[in-house]
Amino acid sequence: METITSRRDIRKLKLDELKEFFVQHGEKPFRAQQVYEWLWMKSAKNFEQMTNISLPLRDMLKEHFVINHIKVDNMQRSTDGTIKNAVTLHDGLIVESVLIPTEKRITACVSSQVGCSLACKFCATARLKRQRNLSPDEIYDQVVAIKEQAELFFGRPLTNIVFMGMGEPLLNYANVTEAIEKITNQKGLGMANKRITVSTVGIAKMIIKMADDGVKFNLAVSLHAALDKTRSSIMPINDSNPLAELGDALRYWYQKTKRNVTYEYVVWKGINDTEEHARALLKFCKIIPSKVNLIEYNPIDDGAFQQASDETLNMYMHLLESNGITTRIRKSRGKDIDAACGQLANKG
Ligand code: SAH
């Protein structure tokens, strides 16, 4: 009989704790090292896979532990090659993660929370109540699943990771940084920090904390407006976390890390499509070295927001570029399967 409640999730144990467990059960500590490698580096989904561990020892592990691996239950493929995974967590909750293939890269876009608490008016995820934070292993598993799909469907390695799925990574900072530590560790997935980007709504005090912690991954801020009145009208977080505070935090980030920031910015008809808005963005971009991604808007059913015209985008582009700010227009991927930015809402 399985007594589910008494068995712990083995991946919640640190290596030292695992060693202690092995020693207490009369085993050599190096066995813990081997099991740890199976759990992280080789992403084992069950104890049977651990072939260099004796059968009696595997049975003993099964008596005490479970591996709460995520399950990719529904995989949808876009006509442009993008893959969206609906991922079921051990408690039955669902998040989504996306594989985005381009000529040179394969990017994993991962979720950090189930739902989101931020209520940005243009984002579909905002309509799902925030239920809980994802654990480090649940974040790690999303990356592993996409890495396996990259190899299986494209015959290419995963090259980049962006925290641009569901949720606000800086409101789940401890787990996100722990996951990144495992993703970058040679005893984990061994990926480079410079291939990882954390995207945030711009929580000032967390940006300061990241700077103090000396994190090595890239920072992206979803700006969308550089005038407080406009930003507050579409992103409620801006009321308690206004642009001046965000600017100060970014200044601190740059002083400490010497690393730049990328701003994500959608231009909408009647919302932020004037020259005054573009000039405000340019001014904000001068606070620290930065780049701008003008993201295409992905409609989310109600029609309140509409993508600005090409002419307006060109106005932004010209103003920024002629003032030395690198600006790219980012076309959406995976729109047909609701896999594009801001469309993740567990609809599949
Ligand atoms: N909470 C983090 C991570 C989400 S990233 C953040 O705010 O950065 C998702 C990105 O898609 C953000 O830049 C977000 O502002 C943007 N986005 C949200 N809804 C969108 C939509 N409908 N169309 C295009 N981009 C959208």
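This passage goes through the ligand site, the pockets and the cavities of the structure. The model is a predicted one, and the ligand is a good place to start.

Some 20 residues surround the ligand, with Phe122, Ser199, Ser222, His224 and Asn298 as the closest of them. Sorted by class, that shell splits into nine nonpolar, eight polar and three charged residues. Polar contacts show up on both the oxygen and the nitrogen side of the ligand's chemistry. On the oxygen side, the side chain of Ser199 puts an N or O atom 2.6 Å from a ligand oxygen, while Thr200 has a backbone N or O atom 3.4 Å from an oxygen of the ligand. On the nitrogen side, a backbone N or O atom of Asn298 sits 2.9 Å from a ligand nitrogen. As for cover, the ligand on its own would expose 540 Å², and the protein buries 95% of that area.

Where does the ligand sit? The space it takes up turns out to be the largest cavity. A search over the whole structure picks up two cavities of 30 Å³ or more, and the largest cavity holds about 510 Å³ of space. Its lining runs to 32 residues, and those closest to the centre are Phe122, Cys123, Met164, Ser222 and Gly342. Two of these names, Phe122 and Ser222, come up again among the residues closest to the ligand. In terms of class, the cavity lining has 19 nonpolar, ten polar and three charged residues.

Next come the open pockets. The largest pocket has a volume of about 990 Å³. A total of 35 residues line this pocket, and Arg105, Val162, Met164, Asn293 and Arg330 lie nearest its centre. Met164 thus turns up here as well as close to the centre of the largest cavity. Strands feature heavily in the pocket's lining: β5 (94-101), β6 (106-109), β9 (160-163), β10 (196-200), β11 (218-222), β12 (261-265), β13 (290-295) and β14 (327-330) each give at least two residues. The class split for the lining of the largest pocket is 15 nonpolar, eleven polar and nine charged.

The second largest pocket comes in at about 310 Å³. It has 16 lining residues, and the ones nearest its centre are Lys14, Tyr36, Trp40, Glu178 and Lys182. Here the elements giving two or more residues to the lining are α2 (29-39), α4 (136-154) and α5 (173-184). Of these, α5 makes the largest contribution, with three residues. Glu178 and Lys182, both named as near the pocket centre, fall within the α5 range of 173-184. By class, the lining of this second pocket counts five nonpolar, three polar and eight charged residues.

Key
Residues are numbered from 1 along each chain as its sequence is written. This is a predicted model: local features need pLDDT of at least 70, side-chain atom pairs count only at pLDDT 80 or more; totals for chains, interfaces and linings use all residues. Side-chain values use heavy atoms; hydrogens and water are left out. A residue is near a molecule or strand if one of its heavy atoms lies within 4 Å of it. A polar contact is a pair of N or O atoms within 3.5 Å; within protein, one must be able to donate a hydrogen and the other to accept it, and residues adjacent in sequence count only if both atoms are side-chain atoms. Accessible areas come from the Shrake-Rupley method with a 1.4 Å probe; for residues, only the protein chains shown count as cover. On a 1 Å grid over the protein atoms alone, a cavity is a set of points where a 1.4 Å probe fits but cannot get out, and a pocket is an open set with protein on both sides within 12 Å along at least five of seven lines; lining residues have an atom within 4 Å of a point. A molecule sits in a cavity or pocket if more than half of its atoms lie within 2 Å of its grid points. Ala, Val, Leu, Ile, Met, Phe, Trp, Tyr, Cys and Pro count as nonpolar, Asp, Glu, Lys and Arg as charged, and the others, Gly among them, as polar. Grid points are joined across faces, edges and corners, and a volume is the space filled by probe spheres set on the points. Helices (H or I, at least four residues) and strands (E, at least two) are DSSP runs, numbered from the N terminus.
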